[in-house]
Amino acid sequence: MKTKYEEILEAVVKTFLQTREPIGSAVLKEKLPFQIAPATIRYYFNKMSQRGELIQLHKSSGRIPTESTMRLYWRKHLRDLELICHMMDELVRISEKEDFFMLVKPIRVNRLQGIERAGSKYLILVFDADEYVVRYQSQTESFLSDLIGYTLEEIKQIARDVGMMSLYHKMRAKNDEEINAINPESIIRVAGAHSGWGKRYVRQFLDGDIIEDLGRGLHFEPMLPKGYMALQTETVVDEKAAKVLCIGAIDHDFTKIFKEV
């Protein structure tokens with residue numbers, strides 16, 4: 001059972017997510033499920049501020065949650081998360097409204113079934129759903145022969161890890177055509193505002209590589225700049241299984257897209 005302190009702090013966060021404005025005691029009083037005087041709420045506000053949970057931007061303004069409070073709130077409420085909307089058009093609408101960047105990638109098992117030579121210059125890599133043509137090299141043929149039965153994603157990752165970059169880029173180019181990037185302007189703005197982070201990471205987000213590098217759940221620094229977070233899950237979009245990654249400012253309302261399972 002939540003204590004009165006926890007109820008008040010959670011109400012501040014929820015109200016802030018709805019209004020994006022500092023919360024005063026009179027406003028919060030109407031949001032709480034119990035009777036309490038505004039003066040008592042201000043007492044709690046002072047305690048929360050002393051503990052670094054709330055901040056007051058101006059002496060006469062209300063309070064807003066700190067970044068650490070928002071991080072704890074999301075970890076508590078979206079530890080096990082599920083997508084609310086399952087239509088691409090709706091994801092686009094919400095992402096643009098809430099300033100989220102999203103990646104949506106179909107999930108399919110696409111295993112390497114065999115390798116065929118095409119003359120003396122090329123190899124044909126036969127997958128369940130695709131065929132790739134690469135230049136023949138004995139090293140490449142030997143490398144791929146050991147990976148028959150592996151998925152395209154696994155082979156792509158291994159090729160990158162061992163430095164076979166021409167093979168990696170060849171396989172990635174076709175695979176990345178399937179990734180839908182929603183509202184890329186959002187992540188570009190983030191990179192512009194955080195240039196150090198942008199130089200190191202933004203290409204992974206725009207290319208879609210990051211959706212394979214991050215696992216399911218919530219992610220914060222250092223993969224995201226301070227004040228941002230990412231959520232990834234597996235779900236169904238437009239009646240197809242997909243991985244979904246959503247990135248946005250930590251004080252934006254991710255419950256417009258996700259809910260706790």
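Which residue is the bridge partner of L103 in strand 11? Keep that in mind as you load the model, which is a predicted one, and start with the sheet these residues belong to.

**Stop 1: the five-stranded sheet**

Select strands 8, 4, 11, 10 and 9, in that order, and you walk across an open sheet with antiparallel pairing. The edges are strand 8 (180-182) and strand 9 (217-219), and each of them pairs on one side only. Look along the sheet and you can see how its strands turn: neighbours are rotated by 20 degrees against each other on average, direction ignored.

Now zoom in on strand 4 (residues 101-106) and strand 11 (residues 240-249). The two run antiparallel and are joined by six bridges. Click on L103, then on L245: that is the answer to the opening question, since L245 is the bridge partner of L103 in strand 11.

Next, add helix 9 (residues 184-193) to the view. This helix packs on the sheet and touches strand 4, strand 8, strand 10 (228-237) and strand 11. Compare its direction with that of strand 4, and you get an angle of about 130 degrees.

**Stop 2: helix 9 against helix 10**

Keep helix 9 selected and add helix 10 (residues 195-207). How do their axes meet? They come within 7 Å and cross at roughly 160 degrees. An angle over 145 degrees counts as roughly antiparallel, so that is how helix 9 sits relative to helix 10.

To see the contact itself, show side chains on both helices. From helix 9, pick P184, I187, I188, V190, A191, G192 and A193. From helix 10, pick S195, W197, G198, V202, F205 and L206. Color them by residue type: 10 of the contact residues are nonpolar, three are polar and none is charged.

**Stop 3: a tour of salt bridges**

Time for charged side chains. The model holds 18 salt bridges, and a few of them are worth a click.

Begin with E10 and K14, whose side chains meet at 3.3 Å, N to O. Both sit in helix 1 (residues 4-19), and because they are four residues apart, about one helical turn separates them. Switch on a surface and check each end. E10 is buried, at 10% relative accessible area, while K14 is partly exposed at 38%.

Then jump to R20 and D251, a salt bridge of 3.7 Å, N to O. This pair ties together distant parts of the chain, 231 residues apart. R20 lies in the loop between helix 1 and helix 2 (25-29), and D251 lies in the loop between strand 11 and strand 12 (258-260). On the surface view, R20 comes out as partly exposed with 40% relative accessible area, and D251 is partly exposed too, with 23%.

Another long-range pair is E67 with K226, at 3.2 Å, N to O. E67 belongs to helix 4 (residues 67-77), K226 to the loop between strand 9 and strand 10, and their positions lie 159 residues apart in the chain. Buried or exposed: which describes K226? K226 is exposed, with a relative accessible area of 55%. Its partner E67 is partly exposed, at 22%.

Before moving on, select K105, E153, K156, E212 and K243 together. These five residues are linked in a network of salt bridges.

**Stop 4: the three-stranded sheet**

Hide the salt bridges and bring up strands 5, 6 and 7. They form an open sheet in the order 5-6-7, again with antiparallel pairing. Strand 5 (112-118) and strand 7 (131-135) are the edges; each has a single partner strand, so one side of each has no neighbour in the sheet. Here the average turn between neighbouring strands is 25 degrees, direction ignored.

Strand 5 and strand 6 (residues 122-127) run antiparallel and share six bridges. For a landmark, click R117 and then L123, its bridge partner in strand 6. Helix 6 (residues 138-145) packs on this sheet, touching strand 5 and strand 6, and its direction makes about 160 degrees with that of strand 5.

**Last stop: D146**

Follow the chain to D146, in the loop between helix 6 and helix 7 (152-161). D146 is exposed, at 60% relative accessibility. Finish by drawing a line from its C-alpha atom to that of N180: the two residues are 34 apart along the chain, and the line spans 32 Å.

Technical notes. Residues are numbered from 1 along each chain as its sequence is written. This is a predicted model: local features need pLDDT of at least 70, side-chain atom pairs count only at pLDDT 80 or more; totals for chains, interfaces and linings use all residues. Side-chain values use heavy atoms; hydrogens and water are left out. Two strands pair if DSSP finds at least two bridges between them. Axes are lines fitted to C-alpha atoms, for helices over the stretch in contact, and angles run from 0 to 180 degrees between N-to-C directions. Contact means heavy atoms within 4.5 Å. Angles under 35 degrees count as roughly parallel, over 145 as roughly antiparallel, 65 to 115 as roughly perpendicular and the rest as oblique. Ala, Val, Leu, Ile, Met, Phe, Trp, Tyr, Cys and Pro count as nonpolar, Asp, Glu, Lys and Arg as charged, and the others, Gly among them, as polar. A salt bridge is a side-chain nitrogen of Lys or Arg within 4 Å of a carboxyl oxygen of Asp or Glu. Buried means under 20% relative accessible area, exposed over 50%, partly exposed in between (1.4 Å probe, protein chains only).
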